Every structure is written in C-alpha cells, then in structure tokens.
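Q: Please take a close look at a single part of this protein. I should like a connected account of one region where helices meet and of the open space beside that region.

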Amino acid sequence: MIVLTLYTTLGCHLCEQMEALVRALARVEFTIERIEISEDDALMRRYGERIPVLIDAGRPDDVLEGRVEPDAVVRWLATRGWLSEQAVAVQAEADSASQGREAPAVTATRVKGRRVFGKL
C-alpha cells in the first residue's frame, strides 16, 4: 500500500482541497498519514507557510505543496503512473475544448471584506 504524508493543520481548506483532488484523480490505493504541524515548533517553522505539503515516501524530493491547481495534481500523479484513466480522458477533453479559445477573465467582488468569484 502506498503511504503519502500530508503536513497540515486544523481547518486548512487548501489541505482538504488537495486531499480531495488526489483521492478523486488517483487510480491506485493509498493512505494519507496526516501530520499536524501546529503541535511541533520545528514543523511549524519548516512547513507553516508552505502547507499543504504532500510527500510520497518513494520520491521525497518531488513534493506537492501550497496552493495547488488541479493541473499540478494531475502532473504529480501522472509522473508516478497513478493517474486514473478517467481523469486522463477528462483532461484531454478539457484541453481539446480550450484549444484556440482564450479562457474568460475571472473577476472578484468584495463582499464584507472577502473576495467572491463569479456571479452574486
């Protein structure tokens, strides 16, 4: 069984998003060992501004970290041969659909001090 290590902290929405993407796109069985960085000063200094940090013990130098886009997760999984065929098909469809077309601009509006994307 593949074991991945996720350095995280309570309430980290980016960590939750990364984990959900990996679970949705991977074709292999794996477990994620979560390491709570707030309980260790050394881990806080090392990972505090980098979380989420996902490490594959088999390739510890190839780390997935920070605000991770779906394309980065796809590439990370593909380099290991872990990307599901369904995810590859969806990505290929998205790539062919976007060829020759410019992506629409994404605008944000401030509502009560928070950025809100899309229609209100």
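A: Two residues are said to be in contact when heavy atoms of each lie within 4.5 Å of one another. The model discussed here is a predicted one.

Consider first helix H1, which spans residues 13–25, and helix H3, which spans residues 70–80. The axes of H1 and H3 come within 10 Å and cross at roughly 50°. Because of that angle, H1 counts as oblique to H3. The crossing of these two helices is right-handed. On the H1 side, the residues in contact are Leu 21, Val 22 and Leu 25, and they meet Pro 70, Val 73, Val 74 and Leu 77 of H3. Sorted by class, this contact consists of seven nonpolar residues, with no polar and no charged ones.

Two of these residues, Leu 21 and Pro 70, also belong to the lining of the largest pocket. This pocket holds about 160 Å³ of space. H1 provides the largest share of the lining, with four residues. Among the other lining residues are Gly 66, Arg 67, Val 68 and Glu 69. By class, the lining comprises six nonpolar, two polar and two charged residues.

Pro 52 is another member of the lining. It is found in the loop between helix H2 (41–47) and strand S3 (53–56). The peptide bond that joins Ile 51 to Pro 52 is cis, with omega about 0°.

Technical notes:
Residues are numbered from 1 along each chain as its sequence is written. This is a predicted model: local features need pLDDT of at least 70, side-chain atom pairs count only at pLDDT 80 or more; totals for chains, interfaces and linings use all residues. Side-chain values use heavy atoms; hydrogens and water are left out. On a 1 Å grid over the protein atoms alone, a cavity is a set of points where a 1.4 Å probe fits but cannot get out, and a pocket is an open set with protein on both sides within 12 Å along at least five of seven lines; lining residues have an atom within 4 Å of a point. Grid points are joined across faces, edges and corners, and a volume is the space filled by probe spheres set on the points. Ala, Val, Leu, Ile, Met, Phe, Trp, Tyr, Cys and Pro count as nonpolar, Asp, Glu, Lys and Arg as charged, and the others, Gly among them, as polar. Axes are lines fitted to C-alpha atoms, for helices over the stretch in contact, and angles run from 0 to 180 degrees between N-to-C directions. Angles under 35 degrees count as roughly parallel, over 145 as roughly antiparallel, 65 to 115 as roughly perpendicular and the rest as oblique. A crossing is left-handed if the near helix is turned anticlockwise from the far one by less than a right angle, and right-handed if clockwise.
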